[in-house]
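Me: I have a structure open and would like to go through it piece by piece. Can we start from one residue and work outwards?

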Amino acid sequence: MSEDHKDELMHRLRHSTAHVMAQAVLEKFPKGQVAIGPPIEDGFYYDFELPRPLTPDDLEEIEARMKEIVAEEHPFEYREVDEREARQIFADQIYKQELIDGLVSGGEDEYGEKSEEPVVLSIYTDGDFVDLCRGPHVENTKQINPQAIKLLNVAGAYWRGDEHRPMLQRIYGTVWKTQEDLEQYLWKLEEAKRRDHRRLGQDLGLYSVNEEIGAGLILWHPKGGMIRQVIEDYWRQEHYKGGYDIVFTPHIGKADLWKTSGHLDFYQESMYAPLDIEGVQYYLKPMNCPFHVLMYKSDTRSYRDLPLRWAELGTVYRYERSGVLHGLMRVRGFTQDDAHIFCTPEQVDDEILRVLRFSINILRAFGFSEYEVMLSTRPEKFIGEPARWEQAQAALRRALEIEELDYTVDEGGGAFYGPKIDIKIKDALGRLWQCTTIQFDFNLSERFDMNYVGEDGLEHRPYMVHRALLGSLERFFGVLVEHYGGAFPVWLSPVQATLIPIADRHVSYCEQVAEQLKAAGLRVEVDKSNDRMRNKIRKAQEQKVPYMLIVGDREVEGGQVSIRLRSGEDLKGHPVDEFIAMAHEAIKEKA
Ligand SMILES: [Zn+2]
Ligand SMILES: [Zn+2]
């Protein structure tokens, strides 16, 4: 069975279960109004207007009734109806009447969304329930596994998403093929909640967002700041090793610059209002590219100077609606780990292979070894010479083949200005996150008239490639927090070891060991609180510190530390030097 077909079955199962849920709800509240109930990713919902707010007990009752309805083995029957009959069937249903209005006046489907196809009024009946519906459904409720149904929660939702219309109650539910699949899914949901970076961000003292400063603007607290520092240090070191130069550019630039770059034409919606400086308009930068281009143009470039690889941790500001902001994942100000590569046509193949390899190596170091890779090719509307597009696409494809990365091709899915490779990383829960982009640009080099002097003494246009590797440091940090559930590998942990004196008389020895560990480059804390040892261990464990080093009389006498891992494993007493070697080994291994 193909993936698509399986998905389609799940889609029908979920939509059918939504109908069964609506039936159960209407049995309980015969005067209830039903709105819409589509299948969604991993489940379904249905919106209702009911005489009172639903409680968790209601959900349980509705779910139990759903299981009975399913077992009654009702067929799903499809029928096309004319407007008069439809209005009659749903005579008591005000939202269905409004949906019929939309359908008959043309151009809207039953979810109130613009439809491409001509609309036919159709209904689906199963048992006592009838819905204005296009389907598709399963043939019979018996195809729904009652053990695999679960109602999840109720949330408020405005009719048609319009805050001036009534607030409805939206019941979210899920259904799978087997009980096992359901349990797996529920476990993932719980696990995702447990790993939520917003919660861990607070519990571990990593970052915060403060309404007095503004939504979507991140404060990196000392521990989050330490992790960022480690990420940046590693990033810089690898970039220097990889033949990049690191540059810095300002946060604002003149309106004319963004006119030349085209951002004010096609990207203005994501930019903030301009600042006025001595009568000249400046914009906060949404991207770093034009700055790097002008740096390139600050000198005459010869083919001998190329390739140039310029990387920057560049902080950019992009407008996002307040409703979509989400922790570290969706913010208004963020630092992109950006780079631009400028090269000659002869260097394109090597440069692309090099940047792809470089990117994968860094993603691996952070513990991401599974990817979903997409190559997007020339769309119908494009700028630049077709021959250049061909060469660029061939280089991208060749690099993917050499690196033996599985990839899909999005034919015609590239931006108008160049083809690209996108890499999504898979986290510990199997969720995908867009990270790396390697993207040709045939637009900026034209707009800014970039040149280099070739071997022939004539001016040529360089190839320009944008590359973001981790994407945004904020978002990547959020992904890291959730991937590791806050238990970062040793090299990233803000505190790598906590020294725990059993009694006050062991404190000075702990401090002496701490100095020794710091001198060896480790990040260490001594817990000098007057908590009992057990509490100290629990605190360190909650902070997900990789090593707890417990010190009592025996350790002081023997010049040792008793090592306990955050997993709870007890490694017993070891000389301090041995511990240092162990920690260094773990740091070297990275993920
Ligand atoms: Zn339906
Ligand atoms: Zn760029």
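Me: Which side chain does histidine 19 share a polar contact of 3.3 Å with?
Reply: In this predicted model, the partner is histidine 137, whose side chain is joined to that of histidine 19 by the 3.3 Å polar contact. The side chain of histidine 137 also has a polar contact of 2.9 Å with the side chain of serine 16.

Me: Where does histidine 137 lie, then?
Reply: Histidine 137 is in the loop that runs between strand E6 (129-132) and strand E7 (149-158).

Me: And is histidine 137 buried or exposed, and why?
Reply: Histidine 137 counts as buried because its relative accessible area is 6%, and the cut-off for buried is under 20%. Leaving out residues up to four places away in sequence, histidine 137 touches Arg12, His15, Ser16, His19, Phe76 and Tyr124.

Me: What coordinates the zinc ion (ligand 1)?
Reply: The zinc ion (ligand 1) is held by His15 through NE2, His19 through NE2 and Cys133 through SG, at 2.1 to 2.4 Å. Along the chain, the donors of this zinc ion follow the spacing H-x3-H-x113-C.

Me: How far apart are histidine 15 and histidine 19 in helix H1?
Reply: Histidine 15 and histidine 19 are four residues apart in helix H1 (residues 3-28), which is about one turn of the helix. An α-helix has 3.6 residues a turn, so residues three or four places apart point the same way. Histidine 15 and histidine 19 are both buried.

Me: What else touches His19, say from strand E5?
Reply: Aspartate 126, which lies in strand E5 (residues 122-126), touches His19 as well as Val20, Gln23, His74, Pro75, Phe76 and Thr141, not counting residues up to four places away in sequence. Aspartate 126 counts as buried because its relative accessibility is 0%. The C-alpha atoms of aspartate 126 and lysine 28 are separated by 17 Å, and the two residues are 98 residues apart along the chain.

Me: OK, on to the other metal. Which residues coordinate the zinc ion (ligand 2)?
Reply: The zinc ion (ligand 2) is coordinated by Cys289 (SG), His340 (NE2) and His466 (ND1), at 1.9 to 2.3 Å, and its donors follow the spacing C-x50-H-x125-H along the chain. Distant parts of the chain are linked here, with cysteine 289 in helix H10 (residues 289-296) and histidine 466 in strand E23 (residues 463-472), 177 residues apart.

Me: Are cysteine 289 and histidine 466 buried or exposed?
Reply: Cysteine 289 is buried because its relative accessible area is 4%, and histidine 466 is buried too, because its relative accessible area is 12%.

Me: Changing topic: how many residues are in the largest nonpolar core?
Reply: The largest nonpolar core has 66 residues, and those with the most contacts inside it are Ile352, Phe366 and Leu470. Helix H11 (residues 348-365) gives the most to this core, with ten residues. A second, separate core has 34 residues, among them Met10, Ile144, Ala148 and Ile149.

Me: What is leucine 470 in contact with?
Reply: With its neighbours within four places in sequence set aside, leucine 470 is in contact with Ile231, Trp235, Asp337, Ile362, Leu363, Phe366, Cys435 and Phe476.

Me: What about helix H5, which of its residues are buried?
Reply: The buried residues of H5 are Leu182, Tyr185 and Glu191, and what covers them includes E7 and strand E8 (167-175). The 16 residues of helix H5 (residues 179-194) should span 22 Å at 1.5 Å a residue, and this agrees with its end C-alpha atoms, which are 22 Å apart.

Me: And arginine 538, where is that?
Reply: Arginine 538 is in helix H16 (residues 533-542), and it counts as partly exposed because its relative accessibility is 43%. Arginine 538 and arginine 566 are 28 residues apart in sequence, while their C-alpha atoms are 9.5 Å apart in space.

Me: Last one, how many helices and strands does the chain have?
Reply: The chain has 18 helices and 28 strands, and buried residues make up 51% of its 591 residues. Taken along the principal axes, its C-alpha atoms fill a box of roughly 80 × 80 × 55 Å.

Methods: Residues numbered from 1 in each chain as written. Chains lettered and ligands numbered in written order. Predicted model: local features only at pLDDT ≥ 70, side-chain atom pairs only at ≥ 80, totals over all residues. Heavy atoms only, no water. Helix = DSSP H or I, 4+ residues; strand = E, 2+ residues; numbered from the N terminus. Buried < 20%, exposed > 50% of the residue type's maximum accessible area, 1.4 Å probe, protein only. Polar contact = N/O pair within 3.5 Å; in protein donor to acceptor, adjacent residues only side chain to side chain. Contact = heavy atoms within 4.5 Å. Donors = N, O, S within 2.8 Å, 3.2 Å for Na, K, Ca; no water. Expected span 1.5 Å × (residues − 1). Core = buried A, V, L, I, M, F, W, Y, C linked by side-chain atoms within 4.5 Å.
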